[in-house]
Amino acid sequence: MAAAKFDTPELKDIPVIPAIQEGVMAHSSPFIAKPEHQEPLGFPGELVDNWQQVALDKMEDLTHKYRSFKVYLDSCVKCGACTDKCHYFLGTADPKNMPVARQDLLRKVYRRYFTLAGKFFPKLVGAVDLTKEVLDDWYSYFHQCSQCRRCSVFCPYGIDTAEISMAAREILDTVGVGQKYCNEIIAKLYKIGNNLGLPEPALVDTLEGLEEDVEEETGVAVKYPVDIEGADVLVVTPSADFFAEPHIDGLIGYGKVFHQAGINWTLSSYASEAANFGMFIGSYDNMKQVALRIRKAALDLGVKRIVVGECGHAWRVAYSFWNTLAGPFDFLDPNYPVPQHIIEVTHDLIKRGALNLDPSANDEHRVTFHDSCNVARATRMGNMPGGQFILPREVIKASVNHFYDMAPETIHENTFCCGGGGGLLTDDLMELRVKGAMPRMQALDELVREHDVNYLAAICAICKSQFTKTLPYYNFPMDMIGSVHGLVSNAIQLGTKE
Amino acid sequence: MSVTLAYSILFYVATVTLVAGLAYRIYTYAKTPAPLKIATTPAPTTRAGVAYRLAREVVLFESLFKATKWTWLFGWAFHFGMLLVLLRHLRYFTDTPWFWVNLIQPFGIYAGFVMLLGLFGLWARRFLVDRVRYISSPSDHLMLLLLIGIAASGLLMKFVSHTDIVGVKNFAIGLMEFNFQPMPESPILMVHLGLVAVLMIIFPFSKLLHAAGVFFSPTRNQVDNPREVRHVADWAKDAE
Ligand code: SF4
Ligand code: SF4
């Protein structure tokens, strides 16, 4: 399937809600997982014969296991408040990308088989039988949701389409129709320990190279240690941080921060990945297995704290789910939050005067910050609600002289997804990714025009990878996207505090 | 007499369906676990904060206000018009109405018009906004039509063709005390009460469940404290 040609959406001066165009994205769906990507995760290799029954059984099972699923399927009043909130709808105009319509793909089957109204009056309430066409629609459109939860902010009942998407993907996996990108990555993680399939020797090599580079550039021997038993801090970070641009600047930054603060830290080759794609496929079991690797690494190395690097959904899983899935973490030092985000660490050190930062080192950068959805709408930092918006901005402002925020309706809990989250960061979905990035690009464009902003800072590996690819479609330079700790890294004055 | 009998039976059936149906729903929602913390942030970090957040949702429709001002305006006008009207109706179920029922009486009457206005506004959106038209099924239209029918027939009785209020009140109190009194045989009243009974019966089987759902929505009712408090569902414990 060669990538179809598509037009990049035009950036308008003011955001416009498109008129609906039915079916324009029906062709968009990711590659299907092969048996070798499915089976290590506990799913059938391909579509099972009695898939209808299996799907309905799974659906029923989920209504007993997840209150969110049950309540959200029953409670929608079709008010339409969410219809213009999804970046994929705004970018594609396909009505099935309106959150409520996306939920309805599943809800109409739920109504048909599990509610009286749908059993007796299907036409009246829009209930339909579970056919192959419906299944295909699920596969297409539940893979056009980045589970960013923007819709849940605006729904009067807090209906979270991400929850429905996760459930739908779990049903799809259960009948044997998995998504290649996510499932292949999870299988790789089980085998090698990280999403990129980077084996231990390669990791050690990479980090040694990094130490040399940093020493060459700064004259200071900053360490990037792996598997150090008895270190105080275990850092888990997305594996993209080990070599991809601009991610690696973030990792360099973490090392400099620890170096200057005199904190004894380590990475783990066994748990060399913070990302947990189990969440994207809605699989509690897989999410748990991935999370348990990190617990094991922390126990084996005997660390006192776990710190999570710049990754949005990894932080969600860590912040919201680790304690549930892999806890209790009572073997760690209770004086620190478990887990802690690298931003929280750096923020705290800045507050305490433990870092010397010279913001003029970043004077060439006119910076804005992209709130990543999982951080913004599903986690917290610090100890007050909304700390996840405040702390990263304070870290940036301590590191740069020129900072500008994008329009208020597009940041904080209203933030627009980068367009590549939720397991959609794959080349097979390029059209969707480019179109879904449109609302974010629009807000960025405004700042570029008004303030010559030239640096889009983010704390999520997916956002960074996605923007690297999509910025050029909108005529922005691809290196405009950068790590927050990349800015810290430039500003930090090594050798001035020992 | 046969009208009285028919409506008496209808109202007993409707009441039992409404109460039992709703109780069953609430029971299932309450017993279905929420295995993971999924509060939509920025979320309160205390129970009191959560109560305050939910109260703002229920009373002010806060999220809807953020989302779309027109829908909020019509939706809020309809719901709060209806609330006043319902409270005003307590006069028909109590021998001597409480003083506050008398107090809201004059507002309650005009609230009927506000309610109707809200309903027409909401219905207009279903035709005029392409996105809302796309997501509407026949039942969404019928539900609005039903509510409009209830509000309009009620207003007709108040302002156009008066009904024997004393008779209605005796009938209603008689139903509650199993001491049956004849129902006044006015066609508009029969339409009004018939539609109300239909609404009560379909309530637990329809999207009207949002009234209960909002309190059970994990994104809204959870405390944001997953790092501080371990949160494990029973089915997940069993799997440990
Ligand atoms: S905002 Fe909520 S209730 Fe309204 S249509 Fe969307 S999901 Fe349904
Ligand atoms: S979760 Fe995000 S991507 Fe999914 S429907 Fe809602 S707004 Fe769209």
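## The second largest pocket

In this predicted model, H20(A) gives the largest share of the lining of the second largest pocket, 5 residues. The pocket has a volume of about 890 Å³. Its lining counts 36 residues. Nearest the centre lie Pro15(A), Val16(A), Ile17(A), Leu90(A) and Met438(A).

Which elements give two or more residues to this lining? From chain A come helix H4 (87–92), helix H9 (150–154), helix H19 (430–436) and helix H20 (438–451). Chain B adds helix H3 (62–67). By class, the lining of the second largest pocket holds 17 nonpolar, 7 polar and 12 charged residues.

## The cavities

A simple test helps here. A probe the size of a water molecule, rolled over the atoms, shows where empty space is left. The structure holds 5 cavities of 30 Å³ or more. The largest cavity contains about 220 Å³ of space. A total of 22 residues line the largest cavity. Closest to its centre are Tyr66(A), Glu163(A), Met166(A), Gly282(A) and Leu36(B).

Four helices of chain A give two or more residues each to the lining of the largest cavity: H3, helix H10 (161–175), helix H14 (284–301) and helix H15 (312–326). Which element gives the largest share? That is H10(A), with 4 residues. The lining of the largest cavity divides into 14 nonpolar, 4 polar and 4 charged residues.

## Around ligand 1

Ligand 1 has 13 residues around it. Cysteines appear among those that come nearest: Cys76(A), Cys79(A), Cys82(A) and Cys155(A). Gly80(A) belongs to that nearest group as well. How does the shell around ligand 1 divide by class? There are 10 nonpolar, 2 polar and 1 charged residues.

## Around ligand 2

Ligand 2 is also surrounded by 13 residues. The nearest are Cys86(A), Cys145(A), Cys148(A), Arg149(A) and Cys151(A). Three helices of chain A, namely H4, helix H5 (99–114) and H9, each supply at least two residues of this shell. H4 and H9 of chain A also give two or more residues to the lining of the second largest pocket. By class, the shell around ligand 2 has 6 nonpolar, 4 polar and 3 charged residues.

## Where two helices from two chains pack

Helix H3 (residues 67–75) of chain A packs with helix H1 (residues 2–31) of chain B. Their axes lie 9 Å apart. The angle is about 150 degrees. Angles over 145 degrees count as roughly antiparallel, so H3(A) and H1(B) are roughly antiparallel to each other.

Which residues meet? H3(A) brings Arg67(A), Lys70(A), Val71(A) and Asp74(A). H1(B) brings Arg25(B), Thr28(B), Tyr29(B) and Ala30(B). The residues of this contact divide into 3 nonpolar, 1 polar and 4 charged.

## Backbone details in the loops of chain A

Two cis peptide bonds come next. One runs from Glu245(A) to Pro246(A), with omega near 0 degrees. Where is Pro246(A) found? Pro246(A) is in the loop between strand S1 (233–236) and helix H13 (247–261) of chain A. Another cis bond joins Val338(A) and Pro339(A). Here omega is about -10 degrees. Pro339(A) lies in the loop between H15 and strand S4 (340–341) of chain A.

Asp227(A) has a positive phi, near 55 degrees, and is a residue other than glycine. Asp227(A) sits in the loop between helix H12 (200–218) and S1 of chain A.

## Chain B as a whole

How many helices and strands does chain B have? The secondary structure of chain B comes to 12 helices and 0 strands. Read from the N terminus, the elements of chain B are therefore written with the α symbol throughout: α-α-α-α-α-α-α-α-α-α-α-α. Along the principal axes, the C-alpha atoms of chain B fill a box of roughly 65 × 40 × 40 Å.

Key: Residues are numbered from 1 along each chain as its sequence is written. Chains are lettered from A and ligands numbered from 1 in the order in which they are written. This is a predicted model: local features need pLDDT of at least 70, side-chain atom pairs count only at pLDDT 80 or more; totals for chains, interfaces and linings use all residues. Side-chain values use heavy atoms; hydrogens and water are left out. On a 1 Å grid over the protein atoms alone, a cavity is a set of points where a 1.4 Å probe fits but cannot get out, and a pocket is an open set with protein on both sides within 12 Å along at least five of seven lines; lining residues have an atom within 4 Å of a point. Grid points are joined across faces, edges and corners, and a volume is the space filled by probe spheres set on the points. Ala, Val, Leu, Ile, Met, Phe, Trp, Tyr, Cys and Pro count as nonpolar, Asp, Glu, Lys and Arg as charged, and the others, Gly among them, as polar. A residue is near a molecule or strand if one of its heavy atoms lies within 4 Å of it. Axes are lines fitted to C-alpha atoms, for helices over the stretch in contact, and angles run from 0 to 180 degrees between N-to-C directions. Angles under 35 degrees count as roughly parallel, over 145 as roughly antiparallel, 65 to 115 as roughly perpendicular and the rest as oblique. Contact means heavy atoms within 4.5 Å.
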